Amino acid sequence: MSGSVEKVSSGTTKTPADFLKSIRGKDVVVKLNSGVDYRGILTCLDGYMNIAMEQTEEYVNGQLKNKYGDAFIRGNNVLYISTVNRTLGDGA
Amino acid sequence: MSGEEEATVREPLDLIRLSLDERIHVKLRSDRELRGKLHAFDQHLNMILGDVEEVITTVEIDDETYEEIVRMTKRTIQFLFVRGDGVILVAPPLRST
Amino acid sequence: MSNNPSQLLPSELIDRCIGSRIWVIMKGDKELVGILKGFDVYVNMVLEDVTEYEITAEGRRVTKLDQILLNGNNIAILVPGGSPEDAE
C-alpha cells in the first residue's frame, strides 16, 4: 500500500479484483439485468459473479417485495454490484 | 447451534451445499418460483428437487379498466430437474442461530 | 504510425480512459456514466461517481451510485468522455 508512486495520484486504478476484495462483508446493492435490486451484506462471490448475500431484501421497481436470510444469486443475471451510497441522510 | 466449520460459506456455492436435503426457494426466469427439497445440484446450478410447489406469476392488464390483474398459478410436482441457466436466485431456509 | 487510430487496440483505448469519465451503453435500455477506475479481460469495469439511466415505461429513471463493479457481459458501446446529456 505505502510508497507505491508509479501511478498519478488522481488516477489510481482499481481493478474488478481489487473491488471484490474491498467489498466483502459490506452492505451492497446487486442489480440484475431484469432491473430487480438486492440489498444486503455480501458474504462472498466467485469468478462467475455468483454471489452469496445475507439479510437480503428484494426490491422490484423500488418497492420491497421479499426478504431472505441467505441468498445465492447466479452470476449471469448480475448487471452490477454497488457499494451502498451513503448520500441521502443515511448516517444518523 | 450447528458446528461452525460446517456453516462457513467460503464461496457462493457453499450456500447451496449447506442446503442439501433442506427445502429451498428457487427464483427462475419468466416469473417462476419453486419451493422444494434439494436432493442434488452441480456447478451450473442444475438441481434435483423433490416435493416441489411451483408458482407462476402472470400479470394481465384489464382491457376496460387497465387494472393489473396478478395471477398466481400453483401446482405440485413430485420430482423434477431444474436446468441451471434459468436460475436467478436460490434462498435456503432461514438458518437457525 | 503508432498514433494512427487503427493501430490502437480496443483494450488500449479503454486503458487510456482510466481516471476519466466514460459513458457505457448496455444491450437493452440501460446506460451508465462514471469515472473508470479499472477493468479486466472481460471488460468488467469498476466505476466511481456513477449515474445510471434506465429507460422504463414511465420514462427515464436516474440513479446515483458511489462505486460499482459493472458486469462486462451486457455492454454494447463505450464512449470515452461522453454522456447521454451531451448527445441530446
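Q: Before we start, what does "buried" mean for a residue here?
A: Buried means a residue has under 20% relative accessible area, worked out with a 1.4 Å probe on protein chains only. Keep in mind that this is a predicted model.

Q: Okay, so how much of chain A is buried?
A: Chain A has 92 residues, and buried ones make up 48% of them.

Q: And what is chain A built from?
A: You'll find one helix and five strands in chain A. Reading from the N terminus, the order is α-β-β-β-β-β.

Q: What share of its contacts link residues far apart in sequence, say 24 or more positions?
A: Counting contacts in chain A with a separation of 6 or more, 36% are between residues 24 or more positions apart.

Q: Let's move to the neighbours. How many residues meet where chain A touches chain C?
A: On the chain A side there are 26 residues, in contact with 24 residues of chain C. Together the two chains bury about 2000 Å², and 53% of that is on carbon and sulfur atoms.

Q: Which three residues of chain A give the most to that area?
A: Those are A:Pro16, A:Leu79 and A:Tyr80. They supply 28% of the area that chain A buries against chain C, more than any other three residues.

Q: How many salt bridges cross between A and C?
A: The rule finds two. A:Lys31 forms a salt bridge with C:Glu54, where the closest N and O atoms are 3.4 Å apart.

Q: And how many residue pairs are in polar contact there?
A: There are 12 such pairs across the interface of chain A and chain C, counting pairs with both residues at pLDDT 80 or more.

Q: Which elements of chain A supply at least two residues to the side touching C?
A: Helix 1 (16-22), strand 1 (27-32) and strand 5 (78-83) of chain A each do that. Strand 5 has the largest share, with six residues. Sorted by class, that side of chain A has 10 nonpolar, 13 polar and three charged residues.

Q: Which strand of chain C does strand 5 of chain A pair with?
A: Strand 5 of chain A pairs with strand 4 (residues 59-70) of chain C, in the antiparallel sense, over three bridges. If you want one spot to look at, A:Ser82 has C:Ile68 as its bridge partner.

Q: Now the other neighbour. How many residues are in the contact between A and B?
A: Chain A puts in 19 residues and chain B puts in 22. The buried area between them is about 1700 Å², with carbon and sulfur atoms giving 59%.

Q: Which residues of chain A lose the most area to chain B?
A: A:Asp70, A:Phe72 and A:Arg74 do, and together they account for 43% of what that side buries.

Q: How many salt bridges there?
A: One is counted between chain A and chain B. B:Lys27 pairs with A:Glu58, with the closest N and O atoms 3.4 Å apart. Seven residue pairs are also in polar contact between these chains, both residues being at pLDDT 80 or more.

Q: Which elements of chain A give two or more residues to that side?
A: Strand 2 (37-45), strand 3 (51-60) and strand 4 (63-73) of chain A. Strand 4 gives the most, six residues. By class, the side facing chain B has 10 nonpolar, five polar and four charged residues.

Q: How many bridges join strand 4 of chain A to chain B's strand 5?
A: Two bridges join them, and the strands run antiparallel. The strand in chain B covers residues 87-91, and its B:Leu89 stands opposite A:Ile73.

Q: Switching to chain B alone, how many bridges join its strands 3 and 4?
A: 14 bridges join strand 3 (residues 47-61) to strand 4 (residues 68-82), and those two run antiparallel. B:Ile61 stands opposite B:Glu68. The hairpin has six residues between the strands, and B:Tyr66 takes a positive phi near 55° there.

Q: Last one: where is C:Gly81, and why does it count as partly exposed?
A: C:Gly81 is in the segment after strand 5 (75-80) of chain C. C:Gly81 counts as partly exposed because its relative accessibility is 45%, and partly exposed lies between the 20% and 50% cut-offs.

Q: What does C:Gly81 touch, leaving out residues up to four places away in sequence?
A: C:Gly81 touches C:Arg21, C:Ile22 and C:Asp86. C:Arg21 is 60 residues away along the chain, yet the C-alpha atoms of C:Gly81 and C:Arg21 are separated by 4.8 Å.

Definitions and conventions. Residues numbered from 1 in each chain as written. Chains lettered and ligands numbered in written order. Predicted model: local features only at pLDDT ≥ 70, side-chain atom pairs only at ≥ 80, totals over all residues. Heavy atoms only, no water. Contact = heavy atoms within 4.5 Å. Buried area = accessible area lost by both parts, 1.4 Å probe. Salt bridge = Lys/Arg side-chain N within 4 Å of Asp/Glu carboxyl O. Polar contact = N/O pair within 3.5 Å; in protein donor to acceptor, adjacent residues only side chain to side chain. Helix = DSSP H or I, 4+ residues; strand = E, 2+ residues; numbered from the N terminus. Nonpolar A, V, L, I, M, F, W, Y, C, P; charged D, E, K, R; others polar. Pairing = 2+ DSSP bridges.
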